[in-house]
Amino acid sequence: MFTNIYTGGRRLAKRMITVILAASCILSLCACGSASSGSPNVITDQDKIHKQIVKMLDYDIDAEYIEEAEMTGSKSVDSYGKVKILVKEGKEEDLTRLLQDHLGSGMDQDVSHIPGYQGHQYAEELKQMSDIWHYVTFKEGTIAKSIDINLYVAKDGDNTYLYIFG
């Protein structure tokens, strides 16, 4: 009689420990999948975007070139975030001249040579586009000696986009 009670209690304790361990594992997995790690915060405030562009490039890309713009932030010390700009229709050549004045002539870029930028959604979009031109500039970093700022001008149908990865 004592053995049944003793082993029955032991089984109950094992089951409770198993349930507690399983619950803690599930909760720890849920904590890793927070909203901030799943998809980046998209910023559409045009003033913030323009300030970030100036911080990245040391000059602004005026609103006359921008139909729409959005940016995803970065929490890294030596990273400026990523900017996506839909260029106004008819301003494509003017924007290209502006970039050439500041950065020199760009390079025609093959899709296979575009880095994945750690699977960032803008990089994935860019890889689906055509007629891609690449420009690069450098900024002095805090941890890294220099940080490369990559600019891509690309076509998606009738639309032209400028991506800035910093």
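**Exercise 1. In which strand is the place of T160?** Find the strand, then describe the surroundings of this residue.

*Solution.* Let us start with the location and work outward, keeping in mind that this is a predicted model.

Step 1. T160 sits in strand β7, which covers residues 159–165.

Step 2. Next, consider its accessibility. T160 has 4% relative accessibility, and the cut-off for buried is under 20%, so T160 counts as buried.

Step 3. Now look at the neighbours. Beyond four places in sequence, T160 is in contact with I85, L86 and V87, with E92, and with V153, A154 and K155. With K155 there is also a polar contact between the two side chains, at 3.1 Å.

Step 4. Finally, place T160 within its strand. Six of the seven residues of β7 are buried, so the strand is largely enclosed by the rest of the structure.

**Exercise 2. Is D131 buried, exposed or partly exposed?** Give its accessibility, then relate D131 to T160.

*Solution.* The same kind of reasoning works here.

Step 1. D131 belongs to strand β5, residues 130–140.

Step 2. Its relative accessibility is 45%. Partly exposed lies between the limits of 20% and 50%, so D131 counts as partly exposed.

Step 3. Setting aside neighbours within four places in sequence, D131 contacts V153, A154 and K155. The list for T160 also includes V153, A154 and K155.

Step 4. Along the chain, D131 and T160 are 29 residues apart, and their C-alpha atoms are separated by 9.5 Å.

**Exercise 3. In what order do the seven strands form the open sheet?** Work out the order, then walk across the sheet and name bridge partners along the way.

*Solution.* It helps to have the structure in view for this one.

Step 1. The order is β1-β2-β3-β7-β6-β5-β4, with antiparallel pairing. At the edges are β1 (42–43) and β4 (107–109), each of which pairs on one side only.

Step 2. Begin with β3 (residues 82–87), which pairs with β7 in the antiparallel sense over five bridges. Here V83 stands opposite I164, and K84 stands opposite Y163.

Step 3. Move on from β7 to β6. Seven bridges join these antiparallel strands, and one of the partner pairs is N150 with F165 of β7. The two strands form a hairpin with two residues between them, and G157 in the turn has a positive phi of about 70°.

Step 4. Continue from β6 to β5. Nine bridges join this antiparallel pair, and F138 has D148 in β6 as its bridge partner. A hairpin through five residues makes the connection.

Step 5. Finish with β5 and β4, which pair in the antiparallel sense over three bridges. In this pair, Q109 is matched with I132 of β5.

**Exercise 4. Which strands does helix α4 lie across?** Answer for α4, then turn to the other helix that packs on the sheet, α3.

*Solution.* Take one helix at a time.

Step 1. Helix α4 (residues 92–103) lies across β3, β5, β6 and β7, and runs at about 35° to β5. Recall that E92 is among the contacts of T160.

Step 2. Helix α3 (residues 46–57) touches β1, β2 (66–72), β3, β5, β6 (146–156) and β7. Its direction makes about 75° with that of β2.

**Exercise 5. How many helices and strands does the chain have?** Count them, then assess the chain as a whole and the confidence of the prediction.

*Solution.* Now step back from single residues.

Step 1. There are five helices and seven strands. From the N terminus, the elements run α-α-β-α-β-β-α-β-α-β-β-β.

Step 2. Of the 166 residues, 34% count as buried. The chain exposes about 10,800 Å², with carbon and sulfur atoms supplying 54% of that area.

Step 3. For contacts with a separation of 6 or more, 58% come from residues 24 or more positions apart.

Step 4. The mean pLDDT is 83, and 77% of the residues reach 70 or more. Over residues 30–39, however, pLDDT stays under 50, and the model has two contacts beyond four places in sequence for this stretch.

Note on methods. Residues are numbered from 1 along each chain as its sequence is written. This is a predicted model: local features need pLDDT of at least 70, side-chain atom pairs count only at pLDDT 80 or more; totals for chains, interfaces and linings use all residues. Side-chain values use heavy atoms; hydrogens and water are left out. Helices (H or I, at least four residues) and strands (E, at least two) are DSSP runs, numbered from the N terminus. Buried means under 20% relative accessible area, exposed over 50%, partly exposed in between (1.4 Å probe, protein chains only). A polar contact is a pair of N or O atoms within 3.5 Å; within protein, one must be able to donate a hydrogen and the other to accept it, and residues adjacent in sequence count only if both atoms are side-chain atoms. Contact means heavy atoms within 4.5 Å. pLDDT is the predictor's confidence in each residue, from 0 to 100. Two strands pair if DSSP finds at least two bridges between them. Axes are lines fitted to C-alpha atoms, for helices over the stretch in contact, and angles run from 0 to 180 degrees between N-to-C directions. Accessible areas come from the Shrake-Rupley method with a 1.4 Å probe; for residues, only the protein chains shown count as cover.
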